[in-house]
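Student: I am new to this structure. Could you take me through it in short steps?

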Amino acid sequence: MFQVGNTIRLSCTFTDFEGRKVDPVIVKVIIYDVLYKKINEYTLDATNKFRVGDYYFDYVPTKAGKIFYEWYGEIVGKPAIKRETLEIKFV
């Protein structure tokens with residue numbers, strides 16, 4: 001459980017088909033509401049990178065409820081996607 005107004009650090013590792021860490025050409029974080037409607041989309045750059053293939057994004061939720069977030073990267077012209085769910089509470 002996460003709280004409204006608190007910073008949540010999201011992270012993702014991108015790999016190629018051989019399992020090697022790689023940097024995608026495009027890296028985005030997309031936030032969806034419970035009905036899968038896009039709330040926000042953020043395009044990331046090197047300032048959101050720990051090291052090759054490892055990225056993070058600091059997100060501050062403003063409303064309680066369930067949200068979904070998606071990491072989107074393009075590796076050699078192909079999409080690489082990871083989706084997760086967050087439960088946000090006002091406590």
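Tutor: Two strands count as paired if DSSP finds at least two bridges between them. Note also that this is a predicted model.

Student: In what order do the strands of the open sheet of three strands stand?

Tutor: The pairing in this open sheet is antiparallel. Neighbouring strands are turned by 25° against each other on average, direction ignored. The order of the three strands is β2-β6-β5.

Student: Which strands stand at the edges, and why is one side of each left without a neighbour in the sheet?

Tutor: A strand with a single partner strand has one side without a neighbour in the sheet, so it stands at an edge. The strands with a single partner are β2 and β5 (49-51).

Student: How many bridges join β2 to β6?

Tutor: These two strands run antiparallel. One of the bridge partnerships sets Thr 13 against Asp 54 in β6. The number of bridges joining β2 to β6 is six.

Student: Which element gives the most residues to the largest nonpolar core?

Tutor: This core has 19 residues, and among those that touch the most other members are Phe 14 and Trp 71. Elements giving two or more residues include β2 (8-13), β6 (54-59) and β7 (65-75). With four residues, the element that gives the most is β7.

Student: What is the volume of the largest pocket?

Tutor: The lining has 13 residues, with Ile 39, Tyr 59 and Ile 67 among the closest to the pocket's centre. By class, seven are nonpolar, three polar and three charged. The volume of the largest pocket is about 210 Å³.

Definitions and conventions
Residues numbered from 1 in each chain as written. Predicted model: local features only at pLDDT ≥ 70, side-chain atom pairs only at ≥ 80, totals over all residues. Heavy atoms only, no water. Core = buried A, V, L, I, M, F, W, Y, C linked by side-chain atoms within 4.5 Å. Buried < 20%, exposed > 50% of the residue type's maximum accessible area, 1.4 Å probe, protein only. 1 Å grid on protein atoms, 1.4 Å probe; cavity = no way out; pocket = protein on both sides within 12 Å on 5 of 7 lines; lining within 4 Å. Points joined across faces, edges and corners; volume = space filled by probe spheres on them. Nonpolar A, V, L, I, M, F, W, Y, C, P; charged D, E, K, R; others polar. Axes fitted to C-alpha atoms, helices over the stretch in contact; angles between N-to-C directions.
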